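Reader: Could you take me closely through the part where protein and DNA meet, and then through the contact between the protein chains? I would like one connected account, please.

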There are 2 protein chains.
Amino acid sequence: MLLQSDLPLNPSSDDIVGSLRRAILAHRVAPGSKLVEDEVSDVFGVGRSIARTALQALAHEGLVTIIRNRGAFVADPGVREAREVFEARALLEPRTARSAAERATPAAVKLLHKHIAAEHQALQAGDLGKAVYLSGLYHMAIADLADQATIAAMISTLVARSSLIVALYWRRPQALCESHAHHALTDAIAAGDGARAEDLMKGHLVDLLANLDLREKPQVGGSLRDILRQA
Amino acid sequence: MLLQSDLPLNPSSDDIVGSLRRAILAHRVAPGSKLVEDEVSDVFGVGRSIARTALQALAHEGLVTIIRNRGAFVADPGVREAREVFEARALLEPRTARSAAERATPAAVKLLHKHIAAEHQALQAGDLGKAVYLSGLYHMAIADLADQATIAAMISTLVARSSLIVALYWRRPQALCESHAHHALTDAIAAGDGARAEDLMKGHLVDLLANLDLREKPQVGGSLRDILRQA
DNA sequence: TTTTGTAAAATTGTAGACAATCTTGGATTA
DNA sequence: TAATCCAAGATTGTCTACAATTTTACAAAA
């Protein structure tokens, strides 16, 4: 399952949530993958109760789907959900970017540049999954700047779900089309130009959505049974 | 703890979540109350694991706060959080009301009227807690109309948290000031007037916030120990 | 009286056992 | 061959026991 094990010896369920979340968001586990409780507990060296708690927490975030008596799976959002997530982001993130611009400090801007650099580096290294993950961190950093913890938390889960969506529906795996948008946005924030930041964020989200291939996907590997079970 | 026991004999954790949620939102348990796992499991006739799962789910909704080794408490939002919740609602609900108006059917409008009637009846009966709960259901019904499950889910948790906030900060316990706003909003939706619905919702939220007394509350019953622990 | 210290009680955290359910693989039958 | 059935295995659901921690109650000291 490939986990970077920067974990304490007796990890809490939160530690496990974090580790699994990174793995899912960086596309190191595919959407739809089964997450067996015994495996999780073995990998992290805890009892099954803790693993269970972690999986339930991820389910509340929308990154994992739990089906009774069948277990936990990495979430596998459909096109409907993909559109909905970006619809929600469109309501929250532009205004949040404006607030961020209005209260950004030089230190904060520096942090944003660091995020962009890390993302760029991951792309150079060919690690697309990590780049997507880091791109999400950039959006979350902006949300944090706005100093509205409640909204930031909602954006955080939406961004996370977007990583899954990108894994499934991104059109051109090699295009590094985002770099530019993040740079421009950071400039607006550095300049304290709230109105421009709001506009850029709005446009950026539209671009992201436009780069998804949201035609109905034809139930690729599923048996008739699995297909019917989804209804 | 006063639970309306319309529950199955072997309730699932979801059943328990629903029952506890209603109790919290209708102000039948005060913010800050301890929710002891053994009590919950006894009341519902299940093992402690199921009670635990239910409490954790409520914690993810923001209705319960879990402190490690100390247990679960009904959430007790501060003024900061109160403002943040309404800030978030202001971003989501006006646009959602517009969508609702644009796609409302006569049957949906009828449902909204039913909600209003029920809320009115609870107020007449002097059950303010229930009225607040039903008022929340009205907002959630509108969110459902917009046919955006992701946004509706976010609104749902925000509205729920608002019930707690109203319990703590509402200025005039006897004023039935909301009735009018909900009527006008329903009219706009019935007329399919999206722009008006959006405006009315925006104004309604501003009014709600204005009716809260958000001066810093002076740590009413807390010992020095509890105060310091919050940091 | 007020504070401090200590032991008992209460409560939560975690693991593991058992039951319930689902999945798998092979044998049986058409 | 293909479909069906059934038993064995695997996995999840729930409960309970025990460990870790906190809270309470009460006695001792200032």
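Author: Let's start with Arg48(B): a polar side-chain atom of this residue lies 2.6 Å from a base oxygen of DNA strand C. That is a polar contact, meaning a pair of N or O atoms within 3.5 Å; within protein, one atom must be able to donate a hydrogen and the other to accept it, and residues adjacent in sequence count only if both atoms are side-chain atoms. Please keep in mind that this is a predicted model, where local features need pLDDT of at least 70 and side-chain atom pairs count only at pLDDT 80 or more, while totals for chains, interfaces and linings use all residues. Residues are numbered from 1 along each chain as its sequence is written, chains are lettered from A and ligands numbered from 1 in the order in which they are written, and side-chain values use heavy atoms, with hydrogens and water left out.

Two more arginines of chain B reach the backbone of DNA strand C. Arg52(B) places a polar side-chain atom 2.5 Å from a phosphate oxygen, and Arg68(B) has one at 2.7 Å from a phosphate oxygen of that strand. In total, 19 residues surround DNA strand C, and Arg48(B) and Arg52(B) are among the closest, along with Gly47(A), Ser49(A) and Arg70(A). A residue is near a strand here if one of its heavy atoms lies within 4 Å of it. Of the DNA strand C atoms within 4 Å of the protein, 72% belong to sugar or phosphate, and the rest to bases.

Both chains build this surface. H3 (48-61) and H10 (224-230) of chain A, with E1 (34-35) and H3 (48-61) of chain B, each supply at least two residues; helices (H or I, at least four residues) and strands (E, at least two) are DSSP runs, numbered from the N terminus. H3(A) gives the largest share, three residues. By class, there are four nonpolar, five polar and ten charged residues near DNA strand C, where Ala, Val, Leu, Ile, Met, Phe, Trp, Tyr, Cys and Pro count as nonpolar, Asp, Glu, Lys and Arg as charged, and the others, Gly among them, as polar.

Now to DNA strand D. It is surrounded by 19 residues, the closest being Arg48(A), Arg52(A), Arg68(A), Ser49(B) and Arg70(B). Sugar and phosphate make up 71% of its atoms that come within 4 Å of the protein. Arg52(A) has a polar side-chain atom 2.4 Å from a phosphate oxygen of DNA strand D, and Lys34(A) has one at 3.2 Å from a phosphate oxygen of this strand. Glu37(A) takes part through a polar backbone atom, 3.2 Å from a phosphate oxygen. The largest share of the surface near DNA strand D, three residues, comes from H3(B).

Finally, the two chains touch each other. Chain A and chain B contribute 20 residues each, with contact meaning heavy atoms within 4.5 Å. Between them they bury about 1800 Å², 59% of it on carbon and sulfur atoms; buried area is the accessible area (1.4 Å probe) that two parts lose on being put together, summed over both. The rule finds two salt bridges across this interface, a salt bridge being a side-chain nitrogen of Lys or Arg within 4 Å of a carboxyl oxygen of Asp or Glu. Arg80(A) and Asp147(B) form a salt bridge, 3.2 Å from N to O.
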